[in-house]
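Welcome, and thanks for opening the viewer. Shall we take a walk through this protein together, one selection at a time?

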Amino acid sequence: MKDTDPHITRITETAPVATNTHGGRAKCLQRLVRLSLPVPLTVALSFRAVNDIAEGRLPSMADLLEPFGEHPLLCVRPSSEDPDWGGPSAVLNIGMNDATHARLSAQIGEEAATALYKSFVRTYSVHVERLDPDMFEDLPPSGPEALALSLRAYREETEEEFPQDPAVQLAAVLKSMARAWRGTTARLLRQAKGAPADAGLGLVVQEMALGLGKDGECGSGVMQLVSSTSGKPRITGRYLSQSQHREALREGSRALYLARDERGPSLQELAPEAYDRLVEYCQLMRFRLREEMQAEFTIENGNVHVLDALRVSRSPRAALRIAVALAQDGVIPRDEALCRVESRALNEMLHHQIDPEAPRDVLATGIAASPGAATGKLVFSAAAAQAGKARGEATVLVRRETGPEDIRGMHAAVAVVTERGGMTSHAAVIGRGLGLPSVVGCSELSFDVKKERLRARDGRMLKAGDIVTVDGSSGDILAGAAPLIEAAHDEAFQAMMAWAWEYCDIGIRANADTPADAEVARRFDAQGIGLCRTEHMFFDAGRLTVMREMIFADVAADRRAVLDRLLPMQRADFIELFRIMQGKPVCIRLFDPPLHEFLPSDRAGLRELAEALSLPLSDVTRRVEALSEYNPMLGMRGVRLGITMPEIYEMQARAIFEATVEASREGDPVVAEIMIPLVSAKREVEMVKTRVDAVAAAVRNETGRDFTYRLGVMVETPRAALKAGDIAPHAAFLSFGTNDLTQMTYGLSRDDAGKFMSDYVKQGVFPEDPFHTLDTDGVGELLMIGAERGRAARPDLILSICGEHGGNAESIAFCRSAGFDYVSCSPFRVPVARLAAAQARI
Ligand code: PEP
Ligand code: MG
């Protein structure tokens with residue numbers, strides 16, 4: 001091998017190996033070499049070298065083999081730029097031939113040597129020569145006869161003897177791996193994981209460390225220092241004596257941490273020195289590679305070889321714990337720890353667990369592969385999960401095992417259960433990545449996929465559509481909807497949130513309509529309430545009738561009389577919110593929805609209403625019909641109600657001010673914020689403002705107490721954004737209601753778009769659902785126009801958004817760069833928003 005060829009280079013401390021030329025595995029191996037870990041001799045082939053091989057331009061095999069000595073025994077593994085993009089399977093034991101077999105028989109015993117040879121013949125036949133794997137199915141599992149029959153099967157199929165020359169074997173393996181990378185399935189799979197179309201493949205050729213032998217402990221396995229599920233420190237992994245690497249990962253091999261059991265002692269007992277050394281290596285990698293790594297190792301006659309190291313796979317919760325621990329130990333700075341956790345993952349992590357106090361009706365138990373709990377209807381195909389999601393139903397996807405074709409279904413489902421597989425199976429890995437509660441290897445359930453039925457361990461039958469709860473933290477599948485509780489917010493979470501505060505330079509408030517929402521908002525340290533949708537306070541059974549009476553009042557005086565009964569209820573609501581928020585700003589939106597939303601739509605409901613109001617059914621029906629609109633979302637709602645029935649807003653303003661006075665008596669003075677919805681003209685604001693100011697003056701007079709408040713405008717119509725310069729002089733703040741603003745900018749019904757949105761996104765018409773991620777091009781331009789014109793007219797204008805986008809990372813980054821003062825999102829998304837905002841700054 002020429003030392004000067006950077007494309008085929010032995011991995012040394014100084015070799016010119018880089019992730020973007022030789023792939024992540026090659027680079028990682030170089031890092032291990034630099035840490036002086038016992039890495040077997042390795043040669044890296046660059047993307048270009050592998051590309052040449054795929055096109056038939058093979059390098060000199062003699063040069064390539066030269067560093068490995070006279071009797072090479074090698075393995076070849078893929079090295080793509082990002083390990084997640086995958087690559088062809090590794091091929092072990094290249095160089096195995098009659099001579100090596102004889103040599104190894106003396107070294108490790110004939111039985112083991114024969115097994116290796118036979119397994120290599122099979123791998124070579126299937127993966128390199130692409131022979132039918134069935135050919136090998138009926139052969140005896142081991143022994144000289146099995147080897148002879150394998151060699152014969154090869155000869156009969158290829159009409160050639162099994163190649164004995166390691167150079168021929170290696171060339172064929174390299175060619176087949178290089179070509180496999182170009183296959184359509186491989187390309188589509190990696191592109192689905194974000195790989196560019198021209199992503200390259202590197203290969204590493206490594207000397208085999210055998211893991212088999214007679215002199216001292218031999219075997220192979222993996223080790224890591226933390227739990228992949230919780231992120232807590234725990235030495236864990238798998239180890240199998242007398243095995244080569246991949247065998248150790250098969251189900252049934254033993255875990256490193258297990259004490260002696262019927263299968264024999266643990267690695268710690270078998271080879272304490274090797275065990276200690278491995279722990280040391282993992283610790284060294286943690287400090288020097290600044291990451292929790294899983295070591296892949298082989299022990300050969302008591303000596304440890306580190307074949308490779310991978311970033312420990314991790315659940316969202318574990319990712320957070322690992323990042324915090326690395327920062328607390330001074331391995332990485334805090335800002336880096338903040339960036340190592342996907343803000344969206346926090347959301348999932350914070351999600352539900354089954355109430356530990358609740359009774360558990362367990363149908364079956366499998367492997368707890370991805371934590372969290374969720375309830376949904378059983379579905380048996382990815383398509384059914386997607387259809388369920390389109391209907392707004394929570395579904396639990398049940399599969400024998402999952403593959404790439406199930407990924408969309410996994411995205412759509414709330415939980416996944418598989419019959420087969422272990423912690424490293426597809427379902428488990430993808431489930432953890434998505435933060436999706438997952439139970440795998442649940443063989444206690446008998447699957448009848450065709451009939452879409454499951455039999456529980458006690459014989460109960462379940463069918464598609466039945467409700468179950470999946471506990472991905474314990475591995476249990478429970479009958480029915482188990483009571484769920486919020487996730488515990490442990491110390492690591494608190495630490496990360498505190499650090500996020502230090503970097504967060506945009507305010508984060510919560511959308512909270514009820515005292516319960518406000519409590520959650522405060523628990524997550526929201527800096528106030530950015531949107532209280534007051535109409536939600538009127539849906540309670542006790543209030544609905546009063547509300548309906550108000551709607552049925554024919555004249556303003558009657559309406560005012562009913563509103564007087566609603567006033568104390570509203571006042572009590574606001575006092576409670578102010579009390580919970582303890583002096584933090586509370587932004588209350590005046591009544592927004594069309595009135596008919598409070599009225600019954602069917603005959604039985606109309607009859608009940610007629611009874612409650614002592615009115616003839618015909619009167620009630622007529623009135624309800626009169627209120628109905630062709631397009632209520634663009635009809636009599638928001639400020640339009642405030643202009644045509646001013647008594648409603650007056651009552652709400654009075655309730656807010658009286659509550660302000662009341663709550664200020666007890667603690668910090670409250671500065672209420674009042675927001676007018678669905679504005680499209682300056683005059684609307686002027687008129688409402690005049691009335692609200694008058695109510696404030698009256699309350700000051702009546703109570704003899706002074707207070708201040710801020711009146712603002714929701715920008716939810718394109719016209720309000722365009723005319724922000726006219727509106728701003730009358731508003732202390734503008735809050736962009738990006739739900740309605742998106743609806744009106746696109747002319748896209750927010751209630752109906754779900755039916756075709758997935759088609760639109762799938763076909764690339766929209767890059768993403770604009771109700772989920774702010775359309776920064778179009779709606780975003782209106783935000784910028786509104787912000788600029790508003791601030792030009794009033795430099796101290798406060799700007800915010802309070803649509804669903806307020807909790808979305810990309811949208812937060814946009815608002816931050818546009819100079820907004822705060823975002824407001826649902827209370828549970830406050831931590832996500834805070835982390836996303838901190839990341840946007842870092
Ligand atoms: C909005 O339109 O963005 C908004 C916050 O109001 P709502 O969702 O209540 O219409
Ligand atoms: Mg709105």
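Start with strand 12 and strand 22 (residues 476-479): they pair in the antiparallel sense over three bridges. Please keep in mind along the way that this is a predicted model.

Now pick out Val362 and look across to strand 22, where its bridge partner is Leu478.

**Widen to the whole sheet**

Next, add the other strands. Eight strands make up this open sheet, and their order is 12-22-21-14-15-16-17-13. The pairing here is mixed. Which strands stand at the edges? They are strand 12 (362-365) and strand 13 (367-370); each has a single partner strand, so one side of each is left without a neighbour in the sheet. Stepping from one strand to the next, you will meet a twist that averages 30°. As general background, the strands of a sheet pair through backbone hydrogen bonds, either parallel or antiparallel.

**A three-stranded sheet**

Now select strands 18, 19 and 20. These three strands form an open sheet in the order 18-19-20, with antiparallel pairing. Strand 18 (446-448) and strand 20 (461-463) are at the edges with a single partner strand each, so one side of each has no neighbour in the sheet. The twist averages 20° from one strand to the next.

Zoom in on strand 18 and strand 19 (residues 453-455), which are joined in the antiparallel sense over three bridges. Ser446 is a good place to click: opposite it, in strand 19, stands Arg455.

**Zoom out to the domains**

Try colouring the protein by its divisions: domain 1 (47-207), domain 2 (219-311), domain 3 (351-485) and domain 4 (504-540 + 560-593 + 646-841). Between the C-alpha centres of domain 2 and domain 4 there is a separation of 54 Å.

**Two crossing helices**

Select helix 19 (residues 491-503) together with helix 34 (residues 830-841). Their axes come within 8 Å and cross at roughly 45°, which makes helix 19 oblique to helix 34. The crossing of helix 19 past helix 34 is left-handed.

**Last stop: ligand 1**

Finally, centre the view on ligand 1. Around it you will find Leu531, Arg533, Asp592, Glu716, Gly737, Thr738, Asn739, Asp740, Cys802 and Gly803. Which elements each supply at least two residues of this shell? Strand 25 (529-533) and helix 30 (738-746) do, and helix 30 gives the largest share, three residues. If you colour the shell around ligand 1 by class, you will see two nonpolar, four polar and four charged residues.

Key. Residues are numbered from 1 along each chain as its sequence is written. Chains are lettered from A and ligands numbered from 1 in the order in which they are written. This is a predicted model: local features need pLDDT of at least 70, side-chain atom pairs count only at pLDDT 80 or more; totals for chains, interfaces and linings use all residues. Domain bounds come from an automatic or database domain assignment. A residue is near a molecule or strand if its C-beta atom, placed from the backbone, lies within 6 Å of it. Helices (H or I, at least four residues) and strands (E, at least two) are DSSP runs, numbered from the N terminus. Ala, Val, Leu, Ile, Met, Phe, Trp, Tyr, Cys and Pro count as nonpolar, Asp, Glu, Lys and Arg as charged, and the others, Gly among them, as polar. Two strands pair if DSSP finds at least two bridges between them. Axes are lines fitted to C-alpha atoms, for helices over the stretch in contact, and angles run from 0 to 180 degrees between N-to-C directions. Angles under 35 degrees count as roughly parallel, over 145 as roughly antiparallel, 65 to 115 as roughly perpendicular and the rest as oblique. A crossing is left-handed if the near helix is turned anticlockwise from the far one by less than a right angle, and right-handed if clockwise.
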